[in-house]
Amino acid sequence: MRRHIIMAVVFWSVCVDSRKIRGISLSYKRFYRERKSFLCIDGSKMIPFEQVNDDYCDCEDGSDEPGTAACPGGRFYCSNLGFRPHYIPSSRVNDGICDCCDASDEYNSHAHCQNSCRNLGQRERADVEGQMRTLDEGLRLKQQLIEEGVLLWREKQAQLRDLQQVAEDLQIKLEEHRRRKHEADRLKEQTLKAGDRGHRHQNRTVTSIFQILDSNKDGRITVNEVQAKVAFIQDEERSLSEDEAVALLGGGHEMDLSMFQLTLWDSLRAGDSVKIKGTYGVPASLADEDPNIEAAERDAVREDTDLKKVEEAYETVNMEISDLRNKLTIDYGTDREFLFLNSQCYQLKVYEYTYTLCPFNQVTQKSAVGTEVSLGKWGTWAGTPENQYSRMRYESGEPCWQGPTRNTMVTLTCGTETALRSVKEPSKCQYIVDFQTPVACQPVLKQQGIHSEL
Ligand code: MAN
């Protein structure tokens with residue numbers, strides 16, 4: 001008798017256990033109150049309550065079998081206490097594989113599932129706490145960078161004003177140098193003309209002067225020829241005496257070209273005692289040795305060099321101004337928190353490539369053999385409508401062989417350091433860069449974290 005009673009109790013407890021409503025969330029519990037009958041949740045059918053979880057699918061929506069694999073498309077709710085609850089397809093119930101961390105999906109199988117929810121929960125909580133700490137630190141750093149950004153912005157504005165002042169001063173200087181150069185050119189011209197009038201033999205060489213003196217063209221200059229063509233500068237009307245002519249011929253009565261160069265030519269070139277009759281001063285072939293012309297030419301060259309220097313400086317300053325103006329037109333975020341990234345570059349080596357991101361400028365890829373390829377130039381912010389500053393697009397990089405032009409999307413994520421975290425190329429020549437920086441930290445993330453399910 002006692003044995004019978006024990007068996008009845010065991011049988012009853014098994015029945016109760018099999019009828020236990022599994023796989024449903026708290027909010028659905030109200031549909032499964034033990035009554036005589038059960039109404040399928042979609043309202044399509046009424047069945048006796050015994051048919052709930054009897055391993056036979058009665059309802060079209062599968063709601064009568066939340067705890068068995070009987071209904072196709074059914075869902076099993078893992079409560080996963082201590083971790084995160086979630087649904088699995090009910091086909092996975094009792095399939096010998098542990099899907100729920102609380103092992104509730106394998107209540108009637110040979111699988112030996114351990115409840116790992118506590119550990120998973122602890123790990124996830126630690127992760128979330130870590131993220132929260134990162135976020136706190138990131139937000140603190142971001143505030144600092146915003147403050148630095150304000151100073152940097154003022155600095156850049158001041159730099160622009162200074163450059164504009166330098167440009168204005170250079171412009172005045174430039175006008176002055178242009179005027180001076182013009183004047184020097186005019187003077188040079190005038191001096192040359194004056195020289196030209198007096199030096200009918202301009203541009204003649206020592207040979208041509210020799211030929212002028214050598215009237216009979218016998219390759220020699222004689223005393224007579226000297227007397228006929230050469231005169232004293234101070235007294236042109238007076239003809240040279242024979243002695244004077246001999247003296248000019250270096251003591252001889254005639255001379256060839258090489259001797260001429262060493263004697264009479266020197267006197268003519270010095271231009272202080274004798275000259276060729278009918279000309280003024282030294283032979284014009286020696287015009288470049290005329291001190292006035294030389295001085296005028298030197299002045300013109302100097303003014304030209306000075307002008308070029310000022311022109312170069314003016315051009316450089318204007319380029320710097322335009323560069324700075326372009327930089328200042330970029331959108332650096334609502335608090336100019338991204339300004340500090342300008343003029344910085346960050347690198348990451350991924351396999352054989354070294355990637356360099358210079359924010360607001362360009363992204364490049366350098367291979368191990370050393371060729372650098374542009375993966376795109378700064379284009380625009382390309383984040384979500386809620387946070388446009390979450391992504392940057394760099395476009396029109398180097399064309400890809402048999403493919404598109406290289407482009408890069410940079411995703412900004414919150415971190416306590418500013419650094420490249422990863423570079424991927426999900427499709428040919430289209431790159432995705434993960435870039436971490438405190439300025440990407442958003443207070444809203446923190447609220448989400450606090451309100452997480454954990
Ligand atoms: C280079 C690199 C790669 C790219 C190929 C395309 O090797 O820029 O990233 O995929 O060219 O040919």
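A disulfide here is a pair of cysteine sulfur atoms within 2.5 Å of each other. With that in hand, the predicted model can be looked at through its cross-links. The structure holds eight disulfides, and a few of them are worth going through one by one.

Take Cys 400 and Cys 429, which a disulfide joins with an S to S distance of 2.0 Å. The torsion about their S-S bond is about 60 degrees, so this disulfide is right-handed. The pair bridges distant parts of the chain, 29 residues apart: Cys 400 sits in the loop between β13 (391-395) and β14 (407-414), while Cys 429 sits in the loop between β15 (419-427) and β16 (430-437). Both partners are tucked away from the surface. Cys 400 has a relative accessible area of 8% and is therefore buried, since buried means under 20%. Cys 429 is buried too, because its relative accessible area is 3%.

Next comes the link of Cys 414 with Cys 441, whose sulfur atoms lie 2.0 Å apart. A torsion of about 85 degrees about the S-S bond makes this disulfide right-handed. Cys 414 belongs to strand β14 and Cys 441 to the loop between β16 and α9 (443-450), so the disulfide ties together parts that are 27 residues apart in sequence. As for Cys 441, a relative accessible area of 0% puts it among the buried residues.

A further disulfide connects Cys 345 and Cys 358, again with the sulfur atoms 2.0 Å apart. Its S-S bond shows 110 degrees, and the link is right-handed. Here Cys 345 is found in the loop between α8 (291-329) and β9 (346-350), and Cys 358 in strand β10 (residues 353-358); they are distant parts of the chain, 13 residues apart. The two ends are not equally covered: Cys 345 counts as partly exposed at 46% relative accessibility, whereas Cys 358 counts as buried at 9%.

Stepping back to the whole protein, the chain folds into nine helices and 16 strands. Of its 454 residues, 36% are buried. Among contacts with a separation of 6 or more, 46% are between residues 24 or more positions apart. The accessible surface comes to about 27,200 Å², and carbon and sulfur atoms account for 51% of that area.

Charged side chains add another set of links, with 18 salt bridges turning up in a search of the whole structure. One of them pairs Arg 84 with Glu 124, whose closest N and O atoms are 2.4 Å apart. Arg 84 lies in the loop between β3 (75-78) and β4 (86-89), and Glu 124 lies in helix α2 (residues 117-198), so far along the chain that 40 residues separate them. Arg 84 itself is partly exposed, with a relative accessible area of 31%.

A second salt bridge brings together the side chains of Glu 254 and Arg 220, at 3.5 Å from N to O. This pair also links distant parts of the chain, 34 residues apart, with Glu 254 in strand β7 (residues 254-255) and Arg 220 in the loop between α3 (206-213) and β5 (221-222). Glu 254 counts as partly exposed at 41% relative accessibility, and Arg 220 counts as partly exposed at 35%. The side chains of Glu 395 and Arg 393 meet in a salt bridge as well, at 3.3 Å from N to O. Glu 395 is partly exposed with a relative accessible area of 31%, and Arg 393 is partly exposed with 33%. Elsewhere, Arg 180, Asp 299, Arg 302 and Glu 303 are joined up in a network of salt bridges.

Finally, there is the ligand. The residues around it are Tyr 353, Gln 365, Cys 400, Arg 406, Glu 425, Lys 428, Cys 429 and Tyr 431. Cys 400 and Cys 429 are thus on this list, and they are the two cysteines joined by the disulfide with the S to S distance of 2.0 Å described at the start. Several side chains come up to oxygen atoms of the ligand. For Tyr 353, a polar side-chain atom lies 2.9 Å from a ligand oxygen. An N or O atom in the side chain of Glu 425 is 2.6 Å from an oxygen atom of the ligand, and for the side chain of Tyr 431 the distance is 2.7 Å. On its own the ligand has 310 Å² of accessible area, and the protein covers 71% of it.

Note on methods:
Residues are numbered from 1 along each chain as its sequence is written. This is a predicted model: local features need pLDDT of at least 70, side-chain atom pairs count only at pLDDT 80 or more; totals for chains, interfaces and linings use all residues. Side-chain values use heavy atoms; hydrogens and water are left out. Helices (H or I, at least four residues) and strands (E, at least two) are DSSP runs, numbered from the N terminus. Buried means under 20% relative accessible area, exposed over 50%, partly exposed in between (1.4 Å probe, protein chains only). Contact means heavy atoms within 4.5 Å. Accessible areas come from the Shrake-Rupley method with a 1.4 Å probe; for residues, only the protein chains shown count as cover. A salt bridge is a side-chain nitrogen of Lys or Arg within 4 Å of a carboxyl oxygen of Asp or Glu. A residue is near a molecule or strand if one of its heavy atoms lies within 4 Å of it. A polar contact is a pair of N or O atoms within 3.5 Å; within protein, one must be able to donate a hydrogen and the other to accept it, and residues adjacent in sequence count only if both atoms are side-chain atoms.
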